[in-house]
Amino acid sequence: MFKINDNYLKLPGSYLFSTIGKKVNAYAAANPDRKIIRLGIGDVTQPLPAAVVEALHKAVDEMGDAASFRGYAPDLGYEFLRKAIAEKDFAARGCEIDADEIFISDGAKSDSANIQEIFGPDNRIAVCDPVYPVYVDSNVMAGRCGNYDEKTQRWSDVIYMPCTAENDFVPELPQQRPDLIYLCFPNNPTGAAVTKEQLQRWVDYANEQGAVILFDAAYEAYISEKDIPHSIYECEGARTCAIELRSFSKNAGFTGLRLSYTVIPKALEAGGTSLHALWARRHGTKYNGAPYIVQRAGEAVYAPRGQEQIREMVNRYMKNAHYIRDGLKDAGYEASGGINSPYIWMKAPDGMTSWEFFDFLLERANVVGTPGSGFGPSGEGYFRLTAFGTYENTAEAMERIRRI
Ligand code: MLT
């Protein structure tokens with residue numbers, strides 16, 4: 001008789017955003033006259049930049065012509081895109097990253113879930129708490145997290161690094177020794193950012209401990225303050241301890257198009273084995289590459305017009321972020337984030353739990369957010385709002401929140 005991977009049975013019934021989606025759809029079906037404003041999942045609402053649309057059209061035409069048609073993409077991505085990334089995202093910021101160290105993929109969600117496959121089953125993971133659920137869930141599926149304790153809402157073999165108002169939502173170095181450290185800055189869900197000095201401490205720690213940092217920089221485009229690093233490779237020594245994940249979803253509106261990349265420096269080794277070689281082997285075996293037309297769209301993001309247009313897009317979302325953050329503060333709520341990030345992290349009022357506030361806001365204001373407890377135990381009592389809505393909806397949502 002076949003056997004299933006019973007690690008899956010340890011997981012909660014559905015993924016956080018699917019649970020929210022089902023709840024909201026049920027409410028909408030029961031209340032068809034209400035206009036629900038969704039500021040829950042971080043999905044973009046602005047259309048693709050014109051430079052990207054033009055690149056897509058052009059690439060589609062190429063695919064329709066025998067002379068310029070392309071079949072399978074190179075495993076690790078087209079050279080034109082990897083070169084543009086190496087130059088604009090890294091060399092321009094003084095980081096030593098070669099095009100060969102960049103792996104093109106179809107999403108930071110899949111890369112952040114799959115990257116654990118190149119590590120052995122006994123590695124101990126450390127995560128921020130609250131945290132993007134994909135990091136923990138994918139390790140649970142791989143049997144790396146032990147057992148779940150309903151009472152503490154923690155996995156027995158995971159090292160949790162609380163991010164609370166007391167530490168400005170920036171984790172302390174852990175007491176126990178981790179092997180794999182997941183960091184996401186600017187942070188999802190709290191919107192907190194770390195300075196270069198703070199990040200350098202993590203890089204030094206990882207090198208000392210022989211740990212790897214899996215650095216999720218999906219929200220890098222939202223950084224507005226000067227001393228915040230855009231890449232972990234701005235820190236000295238990161239080439240020997242860090243993998244970085246980047247996305248085109250939030251900076252260029254590719255959530256429906258799918259494109260991302262992962263950087264693994266060749267200097268990153270364990271006992272003489274290069275992680276770059278392992279990921280290349282995994283990529284080559286399990287993945288046939290992001291579509292040519294999408295990689296051309298990604299290339300357009302790096303051209304001067306593309307850069308200008310995505311900056312405009314990010315600024316629009318940041319206008320929403322400031323509107324939400326200031327509006328909440330004016331209404332007497334405790335709120336943070338929204339300065340280097342499109343997420344605003346607020347405290348639920350009157351001692352409500354995160355899910356109580358979710359229901360309250362859905363029923364009384366018809367506004368959807370994300371309950372903080374869905375991201376981990378230290379998220380209990382908090383709530384996340386995203387700036388990715390339209391300005392009109394964001395303004396209306398804030399007006400409704402103010403009224404209740
Ligand atoms: C979020 O809302 O946390 C993100 O949109 C999820 C994702 O990027 O997968």
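Two strands count as paired here if DSSP finds at least two bridges between them. With that in hand, here are some close-ups of this predicted model.

**View 1. An open sheet of four strands.** Follow the strands across and you read the order 13-14-17-16, with antiparallel pairing. Strand 13 (335-337) and strand 16 (370-371) sit at the edges, each pairing on one side only.

**View 2. Strand 16 meets strand 17.** Zooming in on one edge, we find strand 16 and strand 17 (residues 382-386) held in antiparallel pairing over two bridges. Look for T370, which stands opposite R384 of strand 17.

**View 3. Helix 11 laid across the sheet strands.** Residues 354-365 make up helix 11, and this helix lies across strand 14 (343-347), strand 16 and strand 17. Relative to strand 17, helix 11 runs at about 45°.

**View 4. A nonpolar patch on the surface.** Now over to M1, F2, I4 and L9, which together make a nonpolar surface patch of about 580 Å². M1 belongs to the segment before helix 1 (16-30). With a relative accessible area of 86%, M1 is exposed, because anything over 50% gets that label.

**View 5. Q200, tucked into helix 6 as a buried residue.** Helix 6 spans residues 196-209 and includes Q200. Q200 has 18% relative accessibility, so it counts as buried; the cut-off is under 20%. Leaving aside residues up to four places away in sequence, Q200 touches C235 and E236.

Note on methods. Residues are numbered from 1 along each chain as its sequence is written. This is a predicted model: local features need pLDDT of at least 70, side-chain atom pairs count only at pLDDT 80 or more; totals for chains, interfaces and linings use all residues. Side-chain values use heavy atoms; hydrogens and water are left out. Contact means heavy atoms within 4.5 Å. Axes are lines fitted to C-alpha atoms, for helices over the stretch in contact, and angles run from 0 to 180 degrees between N-to-C directions. Patches are made of residues with over 30% relative accessible area and no salt bridge: like charges are joined within 9 Å, nonpolar side chains (Val, Leu, Ile, Met, Phe, Trp, Tyr) within 5 Å. Accessible areas come from the Shrake-Rupley method with a 1.4 Å probe; for residues, only the protein chains shown count as cover. A salt bridge is a side-chain nitrogen of Lys or Arg within 4 Å of a carboxyl oxygen of Asp or Glu. Buried means under 20% relative accessible area, exposed over 50%, partly exposed in between (1.4 Å probe, protein chains only).
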